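Please examine the sequence and the structure shown below. The paragraphs that follow lead through selected features, step by step.

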Amino acid sequence: MNIIQSVKQFAVILTILVLFQNCSIYRAKEATIDEATTFPGKVKIKTTSEETFKFERLIKEDGNIVGVAKKNSKAVKKLVNKVVPESADNKFVKINLDNNFIDAIHLKNKTLSTGLGVLGVLYVIALVGAGLAILLVVGAF
């Protein structure tokens with residue numbers, strides 16, 4: 001195995017590592033609106049029209065449910081007509097969500113998401129270590 005192949009394999013391993021770090025797992029159990037608005041993390045909403053949107057968090061404002069999303073997110077692009085005009089700050093916007101719009105709410109599972117990321121890192125470290133051991137045994141270095 002030459003150095004170019006080793007570099008390519010290392011690049012693939014680093015790509016896998018990055019993908020594991022960006023993974024978010026949501027709880028299968030549906031949450032209530034009250035649970036979701038008090039939850040400090042990300043939420044995923046399934047709408048009555050079978051679409052799925054992810055929000056940084058849900059809040060209640062004046063009795064209305066509002067989703068906080070990143071400016072360039074899928075939710076903002078698809079729900080542009082529901083964006084609260086005065087809500088634009090540097091990174092996030094608020095989107096009004098009607099009760100009849102929401103079919104199901106799922107909260108992010110922080111523990112499992114973090115655990116999967118750590119397992120991904122350990123997996124990559126094991127692959128790199130095994131690859132280096134093989135290269136040392138074969139005498140490529």
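The bridge partner of Thr-47 in strand β6 is Ile-102. This pairing belongs to a predicted model, in which β1 and β6 are joined in the antiparallel sense by 5 bridges. Strand β1 covers residues 43-47, and Thr-47 lies on its covered face together with Val-43 and Ile-45. The uncovered face of β1 carries Lys-44 and Lys-46. A general rule helps in reading such a list: the side chains of a regular strand alternate between the two faces of the sheet.

Strand β1 also pairs with β2, and here 4 bridges join the antiparallel strands. The two form a hairpin, with 4 residues between β1 and β2. Within the turn, Glu-50 has a positive phi of about 70°. Across this pairing, Ile-45 stands opposite Phe-53 of β2.

Phe-53 leads to the next feature, the aromatic rings. How many aromatic pairs are counted? The count comes to 1 aromatic pair. The ring centres of Phe-53 and Phe-101 are 6.4 Å apart and their planes meet at 20°, so the pair is stacked; the cut-off for stacking is an angle under 30 degrees. This pair links distant parts of the chain, as its members are 48 residues apart. Phe-53 belongs to strand β2 (residues 52-55), whereas Phe-101 is in the loop between β5 (92-97) and β6 (102-107).

Are these two rings buried or exposed? The cut-off for a buried residue is under 20% relative accessible area. Phe-53 has a relative accessibility of 1% and therefore counts as buried. Phe-101 has a relative accessibility of 14%, so Phe-101 counts as buried as well.

Each ring is also accompanied by a lysine. The charged end of Lys-74 sits over the ring of Phe-53, at 5.4 Å from the ring centre. Lys-82 lies over the face of Phe-101, 4.5 Å from the centre of that ring.

The last feature is found on the surface. Which residues form a nonpolar patch there? Ile-134, Val-137 and Val-138 form the patch, and together they have about 330 Å² of accessible area. Of these residues, Ile-134 is found in helix α4, which comprises residues 110-138. Ile-134 has a relative accessibility of 51% and therefore counts as exposed, since the cut-off for an exposed residue is over 50%.

Definitions and conventions:
Residues are numbered from 1 along each chain as its sequence is written. This is a predicted model: local features need pLDDT of at least 70, side-chain atom pairs count only at pLDDT 80 or more; totals for chains, interfaces and linings use all residues. Side-chain values use heavy atoms; hydrogens and water are left out. Rings of Phe, Tyr and Trp (its six-membered ring) pair if their centres lie within 6.5 Å; planes under 30 degrees apart count as stacked, over 60 as edge-to-face and the rest as tilted. Buried means under 20% relative accessible area, exposed over 50%, partly exposed in between (1.4 Å probe, protein chains only). A charge sits over a ring if NZ of Lys or CZ of Arg is within 6 Å of the ring centre and within 35 degrees of the ring normal. Patches are made of residues with over 30% relative accessible area and no salt bridge: like charges are joined within 9 Å, nonpolar side chains (Val, Leu, Ile, Met, Phe, Trp, Tyr) within 5 Å. Accessible areas come from the Shrake-Rupley method with a 1.4 Å probe; for residues, only the protein chains shown count as cover. A salt bridge is a side-chain nitrogen of Lys or Arg within 4 Å of a carboxyl oxygen of Asp or Glu. Two strands pair if DSSP finds at least two bridges between them.
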